[in-house]
Amino acid sequence: GATLDVRARRAPELELAVWTRLLRQELFAGRPDRVIELGVIGEATAVRAGHEGAEILGLIGEAQRTTNKLDGAKLNLTRALASKDGLREDQRAILEMNLGAVELAFGKSAVAQQLLERALERSRRALGDGHPSLALYDDKLAEIARARGQLREALALHDKSRALRIAAFGADDRSYATSLFHRAETLLEAGRLTAAA
């Protein structure tokens, strides 16, 4: 009897953990529409577990951002950040980074930069200097610099990103190739076609 009571009380939390993992897998598998579609169930599960659903809202918002549903993305990412759910600093940083990307898409580069810089600092505090995850924030800040025409600053940020990734994973890793790709985009913007190629 007592064991069943404990399981019954834990069931909503376990169900929420399953839904969060499922939505994250769908997002990483490149199926953002599935995340948006199934996210409603994830939200309901979070409420049943006594949460506001910050992680679920963040995944839905990221999926909406990748499918260019920017108004919905902004709403859900803002709701996730305002939630009273206990988020780790690195989780909060990812939400701020995604919201920054949405603001940049809206043409609000100053707001985007503020969010990205705050996200980078949160992530640095949580993970430590030299962590390869920081490269993601450097590339996003470089994207903001590129949008403002600050190409030298953008290239310097891409170089920081490359250095972090090569130190952690080596030159043959996919994440290092991602840094090279973003750097090439900036070189194209600068008209340096040979270097970009």
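Here are four short exercises, with worked solutions, on a predicted model of a protein chain.

**Exercise 1. The overall plan**

Work out how many helices and strands the protein chain has, and what span its C-alpha trace covers.

*Solution.*
Step 1: Start by counting elements; the protein chain has ten helices and zero strands.
Step 2: Now read along the sequence, where the pattern is α-α-α-α-α-α-α-α-α-α.
Step 3: For the dimensions, take the principal axes, along which the C-alpha trace spans about 70 × 35 × 30 Å.

**Exercise 2. Three neighbours in the sequence: helices 3, 4 and 5**

Decide how helix 3 is oriented to helix 4, and how helix 4 is oriented to helix 5.

*Solution.*
Step 1: Two numbers help us here, as packed helices are described by the angle between their axes and the distance between the axes.
Step 2: For helix 3 and helix 4, the axes come within 8 Å and cross at roughly 160 degrees.
Step 3: Angles over 145 degrees count as roughly antiparallel, so helix 3 and helix 4 are roughly antiparallel to each other. Helix 3 passes helix 4 in a left-handed crossing.
Step 4: Look at who touches whom: the contact includes Leu57, Gly61 and Arg65 of helix 3 and Leu70, Ala73 and Leu77 of helix 4. Sorted by class, the residues of this contact of helix 3 with helix 4 are seven nonpolar, five polar and three charged.
Step 5: Move on to helix 4 (residues 70-82) and helix 5, whose axes come within 10 Å and cross at roughly 150 degrees. Helix 4 and helix 5 are therefore roughly antiparallel to each other, and helix 4 passes helix 5 in a left-handed crossing.
Step 6: Among the residues in this contact are Leu70, Ala73 and Leu77 of helix 4, along with Leu95, Leu99 and Val102 of helix 5. The contact of helix 4 with helix 5 has nine nonpolar, two polar and four charged residues.

**Exercise 3. Helix 6 meets helix 7**

Find the angle between helix 6 and helix 7, and describe their contact.

*Solution.*
Step 1: Helix 6 and helix 7 pack at about 165 degrees, and their axes are 10 Å apart.
Step 2: Helix 6 and helix 7 are therefore roughly antiparallel to each other. The crossing of helix 6 past helix 7 is left-handed.
Step 3: Residues making the contact include Ala112, Leu116 and Leu120 of helix 6 and Tyr137, Leu141 and Ile144 of helix 7.
Step 4: By class, the contact of helix 6 with helix 7 divides into eight nonpolar, three polar and four charged residues.

**Exercise 4. Two pockets**

Describe the largest pocket and the second largest pocket, naming the helix that gives the most to each lining.

*Solution.*
Step 1: The largest pocket holds about 1,200 Å³ of space. Its lining has 38 residues, and Phe28, Glu62, Ile94, Met97 and Leu136 are the closest to its centre.
Step 2: Next, the helices: among those that supply at least two residues each are helix 1 (2-28), helix 5 (89-105) and helix 8 (151-169). Helix 3 gives the most, with seven residues.
Step 3: The lining of the largest pocket comprises 14 nonpolar, eleven polar and 13 charged residues.
Step 4: Turn to the second largest pocket, with about 180 Å³ of space. It is lined by 13 residues, and Leu16, His51, Glu55, Asp85 and Gly86 lie nearest its centre.
Step 5: Helix 1 and helix 3 give two or more residues to the lining of the second largest pocket, and helix 1 gives the most, with four.
Step 6: Finally, the lining of the second largest pocket has six nonpolar, four polar and three charged residues.

Key:
Residues are numbered from 1 along each chain as its sequence is written. This is a predicted model: local features need pLDDT of at least 70, side-chain atom pairs count only at pLDDT 80 or more; totals for chains, interfaces and linings use all residues. Side-chain values use heavy atoms; hydrogens and water are left out. On a 1 Å grid over the protein atoms alone, a cavity is a set of points where a 1.4 Å probe fits but cannot get out, and a pocket is an open set with protein on both sides within 12 Å along at least five of seven lines; lining residues have an atom within 4 Å of a point. Grid points are joined across faces, edges and corners, and a volume is the space filled by probe spheres set on the points. Ala, Val, Leu, Ile, Met, Phe, Trp, Tyr, Cys and Pro count as nonpolar, Asp, Glu, Lys and Arg as charged, and the others, Gly among them, as polar. Axes are lines fitted to C-alpha atoms, for helices over the stretch in contact, and angles run from 0 to 180 degrees between N-to-C directions. Angles under 35 degrees count as roughly parallel, over 145 as roughly antiparallel, 65 to 115 as roughly perpendicular and the rest as oblique. A crossing is left-handed if the near helix is turned anticlockwise from the far one by less than a right angle, and right-handed if clockwise. Contact means heavy atoms within 4.5 Å.
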